Amino acid sequence: MTVKTSTTSRDAAKPLLDDINKTIIKELQKDGRRSYVAIGKLVGLSEAAVRSRVQRLTDSGIIQIVAVTNPMQLGYHRQAMIGVTLSGALEPVVAKLKAINNIDYIVVTAGRYDLLLEVFCVSDTELLDLVNSIRKLSGVNRTEIFTYLQLASEHYNFGVL
């Protein structure tokens, strides 16, 4: 496994995901507003050292600190994955899909589907309207809907276990 290293001369030999950075990330995943002082006490570093490490992790693109909303709490009770098969160019369809608010993310895939879309809707009626609008897009050949019945697992701890 290759670990990306910092490019500053002082830290050139330190991997970005050493055990301390992994612990910092885990703590921020528990509470993104946790103070650097509290995290520093846990990992044995000063507030400034934790702040510096978080900044390097952020600047390198390894982490983002964001607020994550809960779609169910916001009234989006119908969630689904939609597999899309295209008959034409990918880019024009993706550009149109990016403009649709109900689509959370768009993944270009290899295999059965050209695209996978995760969508959030307030009702089955809204989901049906959304799917029908996707089906009408030029270049869309076929769609298949996978409605979510239950979210069995969700985690964001990639690379820090």
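So, Gln79: this one sits in strand E1, and in this predicted model it's buried, since its relative accessible area is 13%, under the 20% cut-off. What does Gln79 touch, once we skip residues up to four places away in sequence? The list is Pro71, Met72, Val119, Phe120, Phe146, Thr147 and Tyr148.

Hang on to Phe146 from that list, as this residue comes back in the aromatic part. By the rule we use, the count comes to one aromatic pair. That pair is Tyr113 with Phe146: the ring centres are 6.1 Å apart and the planes sit at 85 degrees, so we call the pair edge-to-face. Tyr113 is in the loop between E2 and E3, while Phe146 is in strand E4, so the pair ties together parts that are 33 residues apart in sequence. Buried or exposed, what about Tyr113? Tyr113 is buried, at 10% relative accessible area. Phe146, on the other hand, comes out at 35%, which makes this ring partly exposed.

Okay, on to helix H5. This helix runs over residues 124-135, twelve of them, and at 1.5 Å a residue the expected span is 16 Å. The end C-alpha atoms are indeed 16 Å apart, so expectation and model agree. Which residues of H5 are buried? Leu127, Leu130, Val131 and Ile134. Around the axis they cover an arc of only 95 degrees, which means they're on the same side of H5. And what covers them? The cover includes four strands you can pick out on screen, E1 (78-86), E2 (103-108), E3 (115-121) and E4 (140-147), along with helix H4 (90-98). So E1, the strand that holds Gln79, is part of that cover too.

Now salt bridges. The count by our rule is eight, and I'll walk through some of them.

Take Arg53 and Asp18: their closest N and O atoms are 3.1 Å apart. Arg53 belongs to helix H3 (residues 47-59) and Asp18 to the segment before helix H1 (19-30), so this bridge ties together parts that are 35 residues apart in sequence. Both partners, Arg53 and Asp18, are buried.

Then there's Arg51 with Glu47, where the closest N and O atoms are 2.8 Å apart. These two are four residues apart within helix H3, so about one helical turn separates them. How does their accessibility look? Arg51 has 41% relative accessibility and so counts as partly exposed. Glu47 gets that label as well, at 37%.

Back to H5 for another one: the side chains of Arg78 and Asp124 meet in a salt bridge, 2.5 Å from N to O. Arg78 is in strand E1 and Asp124 in helix H5, so here the bridge ties together parts that are 46 residues apart in sequence. There's also a small group worth clicking on: Glu27, Lys30 and Arg34 are joined into one network by salt bridges that share partners.

Last bit, the annotation. The UniProt record, an unreviewed entry, has "domain: HTH asnC-type" over residues 17-77. What's the secondary structure in that span? In our model the span is 54% helix and 0% strand, and its end C-alpha atoms lie 37 Å apart. Asp18, from the buried bridge with Arg53, falls inside that annotated range.

That's the tour, happy to go back to any of these.

Definitions and conventions:
Residues are numbered from 1 along each chain as its sequence is written. This is a predicted model: local features need pLDDT of at least 70, side-chain atom pairs count only at pLDDT 80 or more; totals for chains, interfaces and linings use all residues. Side-chain values use heavy atoms; hydrogens and water are left out. The expected span of a helix is 1.5 Å times one less than its number of residues. Buried means under 20% relative accessible area, exposed over 50%, partly exposed in between (1.4 Å probe, protein chains only). The arc is that of the directions from the helix axis to the C-beta atoms. Contact means heavy atoms within 4.5 Å. A salt bridge is a side-chain nitrogen of Lys or Arg within 4 Å of a carboxyl oxygen of Asp or Glu. Rings of Phe, Tyr and Trp (its six-membered ring) pair if their centres lie within 6.5 Å; planes under 30 degrees apart count as stacked, over 60 as edge-to-face and the rest as tilted. UniProt positions are given in the numbering used here, feature names are shortened, and annotations may be inferred rather than shown by experiment.
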